[in-house]
Amino acid sequence: MLVLEHASLRDRIEDVSLQLRPGEVLALIGPNGAGKSSLLSLLSGLTMPDRGQALLGDTPLRHLSAGHLARHRAVLEQRTEVATGFTVREVIAMGSYLHGHANTTALAVALARVEGLLERRLSTLSGGETQRVLLARALAQLLGSTESERYLLLDEPTAALDIGMADGLMLQIGRIAKQHRIGVLAVVHDLNLGLRHADRVALLDRGHLVACGPTAEVMQRSRLEEVYGVRLAELIHDEHEDLRAFVPLPPHES
Ligand SMILES: Nc1ncnc2c1ncn2[C@@H]1O[C@H](COP(=O)(O)OP(=O)(O)OP(=O)(O)O)[C@@H](O)[C@H]1O
């Protein structure tokens, strides 16, 4: 498991304990500035906590080398800098340089649905296409690793995707998690994507973990209204009770 134990980071994260388990999709939600990217950075070992610990199993991440970490976890950050002169094929190959397995690279390409983009230069891609290429690179890094515990940490992987692409990608991520026993943490702003695709949800507010648990338990209307400061309608499909959605309502007239 990837674990945070009473982790704090300056004024951004306050005493957060959380576990990411193999094979699960954990959605990390919360308002702008709540600390989601900061928490992802702690869990990935890119930032060290001021207090508390980040661990892979029993081992503090600070004791693991960059190469060791790279075999266990791949990170898709919100703002990823990639030299845009590279082709898509070259960018994805960067993900597999640790192991050089061509077959897992091909699998990553197929899973992220970027087959048609391989010879294009990154600088010529749309925002959504770029996002899928960077996901393919992260998958190529992880799928070629022979480690038994692997984690994918995604900061807003669907931010630039249209509704169909976003839903399709989350569905695909869920399948990858189950099939390959990869634990996925995905920061999502679209509550309904979390509702539909996450096994568990962690809700962050001003650096504090307000709730973490099974999706339906955490994503209750009143709790979300309080944290996000909006009124919400909860819609339930006539024929499929498990198909729910939250829609913002206009504020009360004063
Ligand atoms: N490098 C930094 N130095 C100082 N403060 C930072 C830094 N990065 C983030 N912050 C601040 O920490 C808080 C949490 O930021 P973070 O990016 O983790 O939130 P977030 O929940 O991911 O936000 P968003 O939904 O807007 O992407 C914010 O107030 C932000 O301004």
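Two residues are taken to be in contact if their C-beta atoms, placed from the backbone, lie within 7 Å. With that in hand, the domains of this predicted model can be introduced. The chain is split into domain 1, made of residues 2-82 + 147-219, and domain 2, made of residues 221-254. Between the C-alpha centres of domain 1 and domain 2 there is a distance of 24 Å. Where the two meet, 10 residues of domain 1 are in contact with 7 residues of domain 2. On the side of domain 1 that touches domain 2, at least two residues each are supplied by α7 (191-197), β9 (200-205) and β10 (208-214). The largest share of that side, 3 residues, belongs to α7. In character, this side of domain 1 comprises 7 nonpolar residues, 2 polar ones and 1 charged one.

The sheets can be taken next. Strands of a sheet pair through backbone hydrogen bonds, and they do so either parallel or antiparallel. One open sheet holds 6 strands with mixed pairing, and reading across it gives the order β6-β7-β8-β3-β9-β10. Its edges are formed by β6 (73-76) and β10, each of which pairs on one side only. On average, and with direction ignored, neighbouring strands of this sheet are turned by 15° against each other. At the β6 edge, 4 bridges connect β6 with β7 (residues 150-155), and these two strands run parallel. Arginine 73 has tyrosine 151 in β7 as its bridge partner. Helix α6 (residues 163-180) packs on this sheet, where it touches β3 (25-29) and β8 (182-187). The direction of α6 makes about 155° with that of β8.

The other sheet to follow by eye is also open, with 4 strands in the order β2-β1-β4-β5 and antiparallel pairing. Here the edge strands are β2 (13-20) and β5 (59-60), each pairing on one side only. Strand β4 (residues 51-56) is joined to β5 by 2 bridges, and the two run antiparallel. Opposite leucine 55 stands proline 60, a residue of β5. Helix α1 (residues 36-44) lies across β1 (2-9), β2 and β4, and runs at about 125° to β1.

The ligand has a shell of residues around it: Arg12, Gly30, Asn32, Gly33, Ala34, Gly35, Lys36, Ser37 and Ser38. By class, this shell divides into 6 polar residues, 2 charged and 1 nonpolar. Lys36, one of the residues around the ligand, lies within the 36-44 span of helix α1.

A pair of helices completes the picture. Two packed helices are described by the angle between their axes and the distance between the axes. For α3 (residues 88-95) and α5 (residues 127-143), the axes come within 6 Å and cross at roughly 35°. This crossing of α3 and α5 is right-handed. From α3, the residues that take part are Val88, Val91, Ile92, Met94 and Gly95, and they meet Val133, Ala136, Arg137, Ala138, Ala140 and Gln141 of α5. The contact of α3 with α5 draws on 8 nonpolar residues, together with 2 polar and 1 charged.

Methods. Residues are numbered from 1 along each chain as its sequence is written. This is a predicted model: local features need pLDDT of at least 70, side-chain atom pairs count only at pLDDT 80 or more; totals for chains, interfaces and linings use all residues. A residue is near a molecule or strand if its C-beta atom, placed from the backbone, lies within 6 Å of it. Ala, Val, Leu, Ile, Met, Phe, Trp, Tyr, Cys and Pro count as nonpolar, Asp, Glu, Lys and Arg as charged, and the others, Gly among them, as polar. Two strands pair if DSSP finds at least two bridges between them. Axes are lines fitted to C-alpha atoms, for helices over the stretch in contact, and angles run from 0 to 180 degrees between N-to-C directions. Domain bounds come from an automatic or database domain assignment. A crossing is left-handed if the near helix is turned anticlockwise from the far one by less than a right angle, and right-handed if clockwise.
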